[in-house]
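Trainee: Got a few minutes to walk through this one with me? I'd like to start with the strands.

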Amino acid sequence: MALKTKKSADVDLSATVRDILNAGKEDTKKVAEEVKKETEKVKMATVKAAAETKAKAEEEKKTTTAKKTTRKSTAATKATAAARATTKKASAAVRKATAAAKEAAEAKAQDPKVIIQFAGNDYDLADILKSAKKAYSKKSKKAFKDLRVYVKPEERKAYFVADDNFGSIDF
């Protein structure tokens, strides 16, 4: 009876760890999608501002051709200066938006830290996962597609299955 309870606790622990890791992946995906959307909005605003500036410059060129030569050069210079100023403002806005999006992504994309406590000891799941990846890379030079790690704190071991290759590590 005690073995049955111990196995069910291991299964519950594995399920909980798997759920936590999957939740972190989903949050990261959501943040990446939000960053893509914001970047696309900024790009569209930049393209629109550039088109408007070009249209204004062309309109000013048309109106200045009817005027005297001195007025032509003055209007063209002003239009060019206005176009440059608008372009600088748009590029500055793009840089600010990109930086803000990156900061938001970095703040939200941090993986959750999972600590397993058992028999008075703390075990960092991220360290165990890194060790499992390292142990697999020593066995096989190929990158794995699927990695599963089973933590057994009572044995101070973690067992892993990577693309149907088995192994274990001590922690």
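Trainee: How many bridges join β4 to strand β5, residues 165-170?

Mentor: There are 6 bridges, and the two strands run antiparallel. Strands here are DSSP runs of E with at least two residues, helices are runs of H or I with at least four, and both are numbered from the N terminus. Two strands pair if DSSP finds at least two bridges between them. Bear in mind that this is a predicted model: local features need pLDDT of at least 70, side-chain atom pairs count only at pLDDT 80 or more, while totals for chains, interfaces and linings use all residues. Residues are numbered from 1 along each chain as its sequence is written, and side-chain values use heavy atoms, with hydrogens and water left out.

Trainee: Thanks! What stands opposite Tyr-159 in β5?

Mentor: That is Ser-168. The hairpin of β4 and β5 has 2 residues between the strands, and Asp-163 there takes a positive phi near 50°.

Trainee: And how does β3 pair with β4, parallel or antiparallel?

Mentor: Antiparallel, over 6 bridges, with β3 covering residues 147-152. Lys-152 has Lys-157 of β4 as its bridge partner. These two strands also form a hairpin, with 4 residues between them, and Arg-156 in the turn has a positive phi of about 55°.

Trainee: Which residues of β4 are on its covered face?

Mentor: Ala-158, Phe-160 and Ala-162 are on the covered face, and Lys-157, Tyr-159 and Val-161 are on the uncovered one. In a regular strand the side chains alternate between the two faces of the sheet.

Trainee: Is Ala-158 buried or exposed?

Mentor: Ala-158 is buried, at a relative accessible area of 1%. Buried means under 20% relative accessible area, exposed over 50% and partly exposed in between, using a 1.4 Å probe and protein chains only. Leaving aside neighbours within four places in sequence, Ala-158 is in contact (heavy atoms within 4.5 Å) with several residues, including Ile-128, Val-149 and Phe-171. Its C-alpha is also 7.8 Å from that of Ala-132, 26 residues away in sequence.

Trainee: Ala-132 is in α3, right? Which α3 residues are buried?

Mentor: Leu-125, Ile-128, Ala-132 and Tyr-136 are. Looking down the axis of α3, these buried residues fall within an arc of 75° (taken from the directions from the helix axis to the C-beta atoms), so they line one face of the helix.

Trainee: What's on the face turned away from that buried side?

Mentor: The exposed residues Lys-130, Lys-134 and Lys-138. An α-helix has 3.6 residues a turn, so residues three or four places apart point the same way.

Trainee: New topic: how many aromatic pairs are there?

Mentor: The count is 2, where rings of Phe, Tyr and Trp (its six-membered ring) pair if their centres lie within 6.5 Å; planes under 30 degrees apart count as stacked, over 60 as edge-to-face and the rest as tilted. Tyr-123 and Phe-171 have ring centres 4.8 Å apart and planes at 80°, so that pair is edge-to-face. This pair links distant parts of the chain, 48 residues apart: Tyr-123 is in strand β2 (residues 121-124) and Phe-171 is in the segment after β5.

Trainee: And how far apart are the ring centres of Tyr-136 and Phe-144?

Mentor: They are 5.7 Å apart, and with the planes at 80° this pair is edge-to-face. Tyr-136 is buried at 2% relative accessibility, whereas Phe-144 is partly exposed at 29%.
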